[in-house]
Amino acid sequence: MDLIEIFQQVINGLSRGAIYALIAVGFAIIVNVLKFSNFAHGGVLGISAYAGYLASSQFNLSFIPVVLIGMVTGAIVAVLVEFIAFRWIRMQKGQLVYFFVTSVTMLMLLEQILVIRFGSFFDTYPYDLIKVKFINIGELSISVTYLISLAVTIVAFGLLIYVFKKTKIGIAIRAASNDMTTTSLMGINTGMVIIAAFVVSGMMGGISGVLFGISTSLSPQIGQVVVKGFIASVLGGLGSLTGVAVAAVALGLIEVFLVSTIGSGYSPVVIFALMIAFLLLRPQGFAGVSFTDKA
Amino acid sequence: MLEINHLHSGYNKIKVLEDINIQVPDGKIVVVIGRNGAGKSTLLNTISGLVKISSGSIMLDGEKLPPTPHRIVARGITQIPEGRRVFPSLTIEENLIMGGYLATASEIQKRTLEVFETFPILKERFHQQAGTLSGGEQQMLAMGRGMMANPRILLLDEPSLGLAPLIFTQVFELVQQLNEERNMTIVLVEQNASIALNMADYAYVLEDGKIVIEGTGKDLVVDPRVKAAYLGGVVEE
């Protein structure tokens, strides 16, 4: 690999990692608030990816509206999943394993909806959604699609940080991640906080679905990429969204390099082996911190 | 006036409180003492709506309290829970904002300044995560967070637990100050009976989920049964 090629792989890896970061953070928000791994997030991502696909292929909308449609679809589907699936378990104070099993079931159900509507083929976003394909700087040719997904991700993260640091409801989502009961003692309607968490998580999932669909291809199983979000949120350390985002970018970079060197067959094997090795060395994740009760 | 009439409550099938009758007149300090496991926290959590009422009632000004914790806070009843329960990954500023969740932005600003006046240490550490504070500082933050709601009735669950004597004296002074200066009604639940009874207008002794003795704070301090069981001179814990 020469230097130019390495540089291009870094750009590809960062762009892929950025999309993983969006997926992982959307996934981790629900893990933090409700303490279970929400694989239905993959279904949210899948439906949004196809919503963006319809918007661009049937209605010829341009890139930004397509991303926005994906985002809104993600929020709506995530809240629907909460209403249809998780709410009842919460009302009955069900065990976490019920949430987990339900979330996997919802992922499969949402996938099947896509299979029924679109068949189990591969589709691609319209070729001219992004007009300019490459920017050439000397020998270097950089994919505009990748640059744009990188930019969209940065904007999405900017918004996310604003919501979580500067708005009352955003701070309440973080408070609920610390301690749901005490949050209710502040006069905060925790039911609303949970819905807000699903809205934010779904928006992130929707954007990531559209970006992932544009940069790869569409199939009803697209939602299974949520596993990457799961890996990143474990590696990043529970509770720290920054750690999760960093882990996701690292995962994207590693994956792109592995695919270009040892191929896409072996790459997942190496990634899972790395994940296990990492967790043995640092079980709290990249940024995992735990505050202990002080007497 | 907060009135608890023939209250029974508990968790699932486990009964904790039996036939509790407590009156909390406006502007008074009412203390409930009792040992670990007597049901003190369950009592406050039932008032706050975290524990379901099995039978009996809790009335505020003759009206039943709403069924959910956040609506009870909106009625002016705030609890400072046992063990402080600050939000460890939130900054002190964010913890205080959560305490004043139902208030307007300008009220939050005004009350934050009041909290800083009471606890200057919190101002110094404004942007620090609450989890990095010492136990005593966390109790100050928990008190400050409770003050942010500016409640009519403040419920305190064992604020002295695990604190050095100097700090808990401060905490009790503050409670009296809130009562005197703001006419805030206080319901204080404590194991540390002597200090609590001395500041009480009225007090109850809770044993095994039942009220066994009640009277004015002054009466209970000299009550031989209370003396024997709770004021033996040996510091518990």
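1. A residue is partly exposed if the number of other C-beta atoms within 10 Å of its own falls between the cut-offs for buried, 20 or more, and exposed, 12 or fewer. In this predicted model, B:Glu107 has 13 other C-beta atoms within 10 Å and is therefore partly exposed. The residue belongs to helix H4 of chain B, which covers residues 105-118. B:Ala149 is 42 residues away from B:Glu107 along the chain, and the C-alpha atoms of the two are 9.6 Å apart.

2. On chain B as a whole: the secondary structure consists of ten helices and ten strands. Its radius of gyration is 17 Å, close to the 18 Å that the globule rule gives for 237 residues, so chain B is as compact as a globular protein of that length. The C-alpha trace spans about 45 × 40 × 35 Å along the principal axes.

3. Burial and contacts in chain B: 46% of the 237 residues count as buried. Of the contacts between residues at least 6 apart in sequence, 67% join residues at least 24 apart.

4. Chain A has eleven helices and two strands. In sequence order the pattern is α-α-α-α-β-β-α-α-α-α-α-α-α. A compact globule of 295 residues would have a radius of gyration near 19 Å, and the value for chain A, 19 Å, agrees. Along the principal axes, the C-alpha atoms occupy a box of roughly 60 × 45 × 35 Å.

5. Burial and contacts in chain A: buried residues are 48% of the 295. For contacts with a separation of 6 or more, 78% are between residues 24 or more positions apart.

6. Helix H3 (residues 63-91) and helix H8 (residues 190-215) of chain A pack with their axes 6 Å apart, at an angle of about 140°. H3(A) and H8(A) are therefore oblique to each other, and the crossing is right-handed. On the H3(A) side the contact includes A:Gly70, A:Gly74, A:Ala75, A:Ala78 and A:Glu82. The H8(A) side includes A:Phe198, A:Gly202, A:Gly205, A:Gly206 and A:Gly209. By class, the contact of H3(A) with H8(A) has 15 nonpolar residues, eight polar and one charged.

7. A second helix pair in chain A is H1 (residues 3-34) with H9 (residues 226-236), whose axes come within 8 Å and cross at roughly 70°. That angle makes H1(A) roughly perpendicular to H9(A). H1(A) passes H9(A) in a right-handed crossing. Among the residues in contact are A:Tyr20, A:Ile23, A:Phe27 and A:Val31 of H1(A), together with A:Val226, A:Lys228, A:Phe230 and A:Ala232 of H9(A). The contact of H1(A) with H9(A) divides into nine nonpolar residues, four polar and one charged.

8. The contact between the chains takes 20 residues from chain A and 26 residues from chain B. On the side of chain A that touches chain B, the elements giving two or more residues are helix H6 (168-178) and helix H7 (180-185) of chain A. H6(A) supplies the largest share of that side, six residues. By class, the side of chain A that touches chain B has eight nonpolar, seven polar and five charged residues.

Methods. Residues are numbered from 1 along each chain as its sequence is written. Chains are lettered from A and ligands numbered from 1 in the order in which they are written. This is a predicted model: local features need pLDDT of at least 70, side-chain atom pairs count only at pLDDT 80 or more; totals for chains, interfaces and linings use all residues. Axes are lines fitted to C-alpha atoms, for helices over the stretch in contact, and angles run from 0 to 180 degrees between N-to-C directions. Helices (H or I, at least four residues) and strands (E, at least two) are DSSP runs, numbered from the N terminus. Angles under 35 degrees count as roughly parallel, over 145 as roughly antiparallel, 65 to 115 as roughly perpendicular and the rest as oblique. A crossing is left-handed if the near helix is turned anticlockwise from the far one by less than a right angle, and right-handed if clockwise. Two residues are in contact if their C-beta atoms, placed from the backbone, lie within 7 Å. Ala, Val, Leu, Ile, Met, Phe, Trp, Tyr, Cys and Pro count as nonpolar, Asp, Glu, Lys and Arg as charged, and the others, Gly among them, as polar. The radius of gyration is taken over C-alpha atoms; the globule rule is 2.2 Å times the number of residues to the power 0.38.
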